[in-house]
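The exercises below ask you to read a fold step by step, with the sequence and coordinates open beside the text. Each task is followed by a worked solution.

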Amino acid sequence: MLRCLVSRCLLTNPVAGQTRKMSGGSLAGSQSSLAGKVAIVTASTDGIGLAAAQALGQRGAHVVVSSRRQSNVDKAVALLQSEKIQVTGTTCNVGNSEDRARLVNMTVEQCGGVDIFVSNAAVNPFFGNIMDSTEAVWDKILDVNVKSAFLMTQLVVPHLEKRGGGSVVFVSSVAGYQPMQALGPYSVSKTALLGLTRALAPELAQSHIRVNCVAPGIIKTTFSQAVWQARGDRWSNRLPVL
């Protein structure tokens, strides 16, 4: 399901949100429809990010995966290579400006450019009543979930323009539409990504760059463990676990 969402985002009009048909009339298109393309996916060694990398790689893209830990990068690269996917991996903490620049520069140097950017990195250091959240919590969440998403996009866009256009996909959450109890600051950050998408889409459309956003429900990943394990609670029961 998630892989289908990523594929749809790569094929939609950035302003009107209309689906573009590929040759053959199939939304998914040929499995080699992204042959020759290079895709950066942040936080892509597990969960949603890894699934996105697999979806792109299975359609022919050379994917660049990253994580803060080298051991996680090595594991993901080995998995993707076993699936016959072209992959390059490196460590990257998107909250660090030097790491962001290194990720983009390495991609351009080793892969020749960038066509697709999937911004998946996120943190959530707080679980509880939003009125108990601290300034440090807000700084951390907004720095990584929102500001870094924009700053990475800012670094990538010139390289997309050199390729004649491309695609940017932000990974938000259903919490961006309906904030979840105990996840207030995180939910706000995901709402901000919806606004960032709408702000960037018309501007970057002039450079033939599509900007879209996906908002997954509760997916059983390590990152969302506290949420789906609490599914029996009144508030979490409102959303499906995927």
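**Exercise 1. The centre of the sheet**

Which residue of β4 stands opposite A39? Use the answer to place the strand pair within the whole sheet of this predicted model.

Solution. Begin with the single contact: the residue of β4 that stands opposite A39 is I116. Next, widen the view to the two strands, where β1, covering residues 38-41, is joined to β4 by three bridges, and the two run parallel. Then place this pair in the full arrangement, an open sheet of six strands in the order β3-β2-β1-β4-β5-β6, with parallel pairing. Neighbouring strands in this sheet are turned against each other by 15 degrees on average, when direction is ignored. As background, strands of a sheet pair through backbone hydrogen bonds, in either a parallel or an antiparallel sense.

**Exercise 2. The edges of the sheet**

Which strands stand at the edges of the sheet, and why is one side of each left without a neighbour?

Solution. Start from the strand order, β3-β2-β1-β4-β5-β6, in an open sheet. The edge positions belong to β3 (87-91) and β6 (209-214), and because each has a single partner strand, one side of each lacks a neighbour in the sheet. For β3, the partner to examine is β2, residues 62-67, which pairs with β3 in the parallel sense over five bridges. Within that pairing, V65 has G89 of β3 as its bridge partner. Finally, check the solvent accessibility of this edge strand: β3 is mostly covered, with four of its five residues buried.

**Exercise 3. The chain as a whole**

How many helices and strands does the chain have, and in what order do the elements run?

Solution. Count by class to obtain seven helices and six strands. Then read from the N terminus, which gives the order α-β-α-β-α-β-α-β-α-β-α-β-α. To finish the overview, take the burial of the chain, in which 49% of the 242 residues count as buried.

**Exercise 4. The second largest cavity**

Which element gives the largest share of the lining of the second largest cavity?

Solution. First establish what the search returns, namely two cavities of 30 Å³ or more, of which the second largest has a volume of about 40 Å³. Its lining consists of T42, V94, F117, S119, A121, V144, S148, A149 and M152. Assigning these residues to elements, one finds that β4 (116-119) and α5 (135-162) are those that give two or more residues, and that α5 supplies the largest share, with four residues. Sorting the lining by class then gives six nonpolar, three polar and no charged residues.

One lining residue, M152, also leads to a contact between parts of the chain that are separated in sequence: V104 and M152 are 48 residues apart along the chain, yet their C-alpha atoms are 8.3 Å apart in space. V104 belongs to helix α4, residues 97-111, and its relative accessible area of 2% means that V104 is buried.

**Exercise 5. Positive phi outside glycine**

Is A182 buried or exposed, and is H208 buried or exposed?

Solution. Recall first that most residues other than glycine have a negative phi. A182 has a phi near 75 degrees, a positive value in a residue other than glycine, and A182 is located in the loop between β5 (166-171) and α6. With a relative accessible area of 19%, A182 is buried, since the limit for that class is under 20%. H208 likewise is not a glycine, and its phi is positive at about 65 degrees. H208 lies in the loop between α6 and β6, and because its relative accessibility is 58%, where over 50% is required, H208 counts as exposed.

Helix α6, residues 184-205, contains A192, which at 30% relative accessibility counts as partly exposed. A192 and S172 are 20 residues apart in sequence, with 8.7 Å between their C-alpha atoms.

**Exercise 6. Cysteines**

How many disulfides does a search of the whole structure find?

Solution. The search finds zero disulfides. Turning to accessibility, C92 is buried, with a relative accessible area of 5%, whereas C213, at 24%, counts as partly exposed.

Technical notes
Residues are numbered from 1 along each chain as its sequence is written. This is a predicted model: local features need pLDDT of at least 70, side-chain atom pairs count only at pLDDT 80 or more; totals for chains, interfaces and linings use all residues. Side-chain values use heavy atoms; hydrogens and water are left out. On a 1 Å grid over the protein atoms alone, a cavity is a set of points where a 1.4 Å probe fits but cannot get out, and a pocket is an open set with protein on both sides within 12 Å along at least five of seven lines; lining residues have an atom within 4 Å of a point. Grid points are joined across faces, edges and corners, and a volume is the space filled by probe spheres set on the points. Ala, Val, Leu, Ile, Met, Phe, Trp, Tyr, Cys and Pro count as nonpolar, Asp, Glu, Lys and Arg as charged, and the others, Gly among them, as polar. A disulfide is a pair of cysteine sulfur atoms within 2.5 Å. Buried means under 20% relative accessible area, exposed over 50%, partly exposed in between (1.4 Å probe, protein chains only). Two strands pair if DSSP finds at least two bridges between them. Axes are lines fitted to C-alpha atoms, for helices over the stretch in contact, and angles run from 0 to 180 degrees between N-to-C directions.
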